[in-house]
Amino acid sequence: MRRACCSASTGCPEVLAAAAPARVAALQGRCRAAGLRLTDLRAEVYRMLLAADGPMKAYTLLNRLREDRPAARPPTVYRALSFLVDIGAVHRVDAISAFVACAAPGHHHVPQILLCARCQRVVEVASVEFGESARRAASARGFSAALHGCVVSGTCSQCARSEDA
């Protein structure tokens, strides 16, 4: 059953997984239009992230890849992830050294990741206004910001409810 908070824009795992075939096809089209190649391996890593119920570490992805590709090695996964991050299909969550599928691929934005410190649940907020606001604040202080994303750590509603119980 889909949680009430789920929508494509929040990066809800159930919604992302259900939309995976269309998301992979759209990514294939974006790559082709940009003269890039979405290899089978890159598409497989992307599908795994879309189906994940939370952020995934590179070695978790590698272990899953090895189920069908026993010869897969860490550089293979890191190259695929680097490609997917570079084209905006995936975000790296530096705070936990993990990766999540972008909730709004193809739309230029500075991702804001809400990270539950208890369960590691991730929700993406794709807000152009946030990036512009951060750039203005930095500029007003004589600082040139190169925004790549922001992680806000806290407690998700599910964990908060369990604390109250």
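How many helices and strands make up the secondary structure of the protein? The secondary structure comes to 7 helices and 5 strands. The views below show a predicted model.

**Figure 1. Overview of the predicted model, with its order of helices and strands.** Along the sequence, the elements follow the pattern α-α-α-α-α-β-β-β-β-α-β-α. The protein has 165 residues, and 39% of them count as buried. Among contacts with a separation of 6 or more, 49% are between residues 24 or more positions apart.

**Figure 2. The largest nonpolar core, which has 29 residues.** In soluble globular proteins, nonpolar side chains tend to be buried together. Val 45, Tyr 46, Leu 49 and Leu 84 have the most contacts inside this core. Two or more residues are given to the core by each of helix H2 (20–33), helix H3 (40–51), H4, H5 and strand E2 (98–101). Helix H3 supplies the largest share, with 7 residues. A second core, separate from this one, has 7 residues, including Val 93, Ile 96, Ala 98 and Val 122.

**Figure 3. Surroundings of Val 45, one of the residues with the most contacts inside the largest core.** Which residues is Val 45 in contact with, leaving aside its neighbours within four places in sequence? They are Leu 61, Leu 65, Ala 80, Leu 81 and Leu 84. Of these partners, Leu 84 is also listed among the residues with the most contacts inside the largest core.

**Figure 4. Glu 44, a residue of helix H3.** Is Glu 44 buried or exposed? Glu 44 counts as buried because its relative accessibility is 16%, and the limit for that class is under 20%. Not counting residues up to four places away in sequence, Glu 44 touches Leu 65, Asp 68 and Arg 69. Leu 65 is also in contact with Val 45.

**Figure 5. The aromatic pair of Tyr 59 and Tyr 78.** A pair of aromatic rings is described by the distance of the centres and the angle of the planes. The structure holds 1 aromatic pair. The rings of Tyr 59 and Tyr 78 lie 6.4 Å apart, centre to centre, with 70° between the planes, and the pair is edge-to-face. This pair links distant parts of the chain, with Tyr 59 in helix H4 (residues 58–68) and Tyr 78 in helix H5 (residues 74–86), 19 residues apart. Tyr 59 is partly exposed, at a relative accessible area of 45%. Tyr 78 also counts as partly exposed, at 41% relative accessibility.

**Figure 6. Arg 42 and the ring of Phe 83.** How far is the charged end of Arg 42 from the centre of the ring of Phe 83? The distance is 3.7 Å, and the charged end sits over the ring.

**Figure 7. The hairpin of E1 and E2, with Ser 97 in its loop.** Strand E1 (residues 90–93) is joined to E2 by 4 bridges, and the two strands run antiparallel. Within this pairing, Arg 92 of E1 has Phe 99 in E2 as its bridge partner. The hairpin has 4 residues between the strands. Ser 97 is found in this loop and has a positive phi of about 50°, although it is not a glycine. Ser 97 is partly exposed, with a relative accessible area of 37%.

**Figure 8. The open sheet of 3 strands.** Strands of a sheet pair through backbone hydrogen bonds, either parallel or antiparallel. In this sheet the order is E4-E3-E5, and the pairing is mixed. Strand E4 (122–126) and strand E5 (150–154) stand at the edges; each has a single partner strand, so one side of each is left without a neighbour in the sheet. On average, neighbouring strands are turned by 25° against each other, direction ignored.

**Figure 9. Strands E3 and E4 and the loop between them.** Strand E3 (residues 111–116) and E4 run antiparallel and are joined by 5 bridges. Gln 112 has Val 125 in E4 as its bridge partner. Gln 120 lies in the loop between E3 and E4. Although Gln 120 is not a glycine, it has a positive phi of about 70°. Gln 120 counts as partly exposed, at 31% relative accessibility.

Note on methods. Residues numbered from 1 in each chain as written. Predicted model: local features only at pLDDT ≥ 70, side-chain atom pairs only at ≥ 80, totals over all residues. Heavy atoms only, no water. Phe/Tyr/Trp six-rings, centres within 6.5 Å; stacked < 30°, edge-to-face > 60°. Buried < 20%, exposed > 50% of the residue type's maximum accessible area, 1.4 Å probe, protein only. Lys NZ or Arg CZ within 6 Å of the ring centre and 35° of its normal. Pairing = 2+ DSSP bridges. Axes fitted to C-alpha atoms, helices over the stretch in contact; angles between N-to-C directions. Core = buried A, V, L, I, M, F, W, Y, C linked by side-chain atoms within 4.5 Å. Contact = heavy atoms within 4.5 Å.
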